[in-house]
Amino acid sequence: MKTKRILALFLAVVTCLSLAVSASAASISDFKDVDTKAWYAEAVSAAVDNGLLYGKSKTQLDPNGLLTRAEMAAITNRSFGCYKAADISAYKDVAKSKWYYKDVALAVQMGTYNGVSSTSMQPDRAITRQEAIAVVARALDDYTKTDLSKFADAKEVSAWALPYMKAMVAAGYVHGRTQGLVPQANITRAEFAQLYFNIIQSYITKSGSYTKDYKGNLLVRT
């Protein structure tokens, strides 16, 4: 990959620090259910080290568990910045008492999240692969299109998700599972980590002056 001096993703993450819990200081070695030789190990390690993926407990990360729509909203906010919340009172299934209420409001305002209908968000439902890919594509705001015909199940991508799927495949961020894109299947926590790992190669988490060259996308979280 050609070396580029690029600040592709700049975050106002100071406003998101209230989302960070003690788990953000964890490392992959803290979790007993993570196979350090698995295909996802490097990606999951990067997600944990950089505070994107938290453990379910101090010793359990649940890499093969499913990600909910609410959890994806929270992760997106941590990743791409959050500072203003939308009015989400129209979504009757997002209660103010829930931990994710503010995260959903922030994600809707940012334009990364839409309801499944005008009155429903389904925050507790496992998020599908095409939904997760669409969320990240909206955050990146890069819709270069490509042909998906090499994937046998390309026709299973919903019409609304097609431009986002094409954009992420074109950018080289989405490669599909062994059996294809599998857009309607739910995404696992490990697959989410791999998606972010494909997109973000470098992180800056400490304030200061940086003059070195970085390859690919650089995520600034300070």
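Which residue forms a salt bridge with K56, and how far apart are the closest N and O atoms? Hello everyone, let me start there. The partner is D62, and the closest N and O atoms of the two are 3.5 Å apart. Before going on, please keep in mind that this is a predicted model.

Let's stay with that pair for a moment. D62 has a relative accessible area of 29%, so it is partly exposed. K56 falls in that class as well, because its relative accessibility is 45% and partly exposed runs between 20% and 50%. As background, side chains of opposite charge can pair when their charged atoms come close. Searching the whole structure turns up five salt bridges, and I'd like to show you two others.

Please find E131. Its side chain meets that of R69 in a salt bridge, at 3.4 Å from N to O. This pair ties together distant parts of the chain: R69 belongs to helix α2, residues 69-80, while E131 belongs to helix α4, and 62 residues separate them. Are these two buried or exposed? R69 is buried, with a relative accessible area of 5%, and E131 is buried too, at 11%.

E131 has another partner. The side chain of R125 also meets E131 in a salt bridge, here at 2.8 Å from N to O. R125 has a relative accessibility of 27%, so it counts as partly exposed. Put the pieces together and you have a network of salt bridges linking R69, R125 and E131.

Now for the helix that carries E131. Helix α4 covers residues 129-140, which is 12 residues. From the first C-alpha to the last, α4 reaches 17 Å, close to the 16 Å expected at 1.5 Å a residue. How many of its residues are buried? The count is 11 of 12, so α4 is mostly covered. The buried ones include charged residues such as R129, E131 and R138, along with I133, V135, V136 and L140. Just past the end of α4 comes D141, and there phi turns positive, at about 55°.

Moving along the chain, we come to E156, in the loop between α4 and α5, the latter being residues 162-170. E156 counts as partly exposed, because its relative accessibility is 45%. What does E156 touch, once we set aside its neighbours within four places in sequence? The contacts are Q130, P183 and Q184. Q130 takes us back to α4, where it is one of the buried residues. E156 and Q130 lie 26 residues apart in sequence, and their C-alpha atoms are 9.9 Å apart in space.

Let me finish with some rings. The structure holds three aromatic pairs. One of them is W99 with Y100: the ring centres are 5.4 Å apart and the planes meet at 80°, so this pair is edge-to-face. These partners fall into opposite classes. W99 is exposed, because its relative accessibility is 53%, whereas Y100 is buried, at 2%.

One last ring deserves a look, and this one has a charge for company. The charged end of R78 sits over the ring of Y54, 3.9 Å from the ring centre.

If you want one place to begin exploring, try E131: follow it to R69 and R125 through the salt-bridge network, then look along α4 to Q130, which is in contact with E156. Thanks for listening!

How values were computed. Residues numbered from 1 in each chain as written. Predicted model: local features only at pLDDT ≥ 70, side-chain atom pairs only at ≥ 80, totals over all residues. Heavy atoms only, no water. Helix = DSSP H or I, 4+ residues; strand = E, 2+ residues; numbered from the N terminus. Expected span 1.5 Å × (residues − 1). Buried < 20%, exposed > 50% of the residue type's maximum accessible area, 1.4 Å probe, protein only. Salt bridge = Lys/Arg side-chain N within 4 Å of Asp/Glu carboxyl O. Contact = heavy atoms within 4.5 Å. Phe/Tyr/Trp six-rings, centres within 6.5 Å; stacked < 30°, edge-to-face > 60°. Lys NZ or Arg CZ within 6 Å of the ring centre and 35° of its normal.
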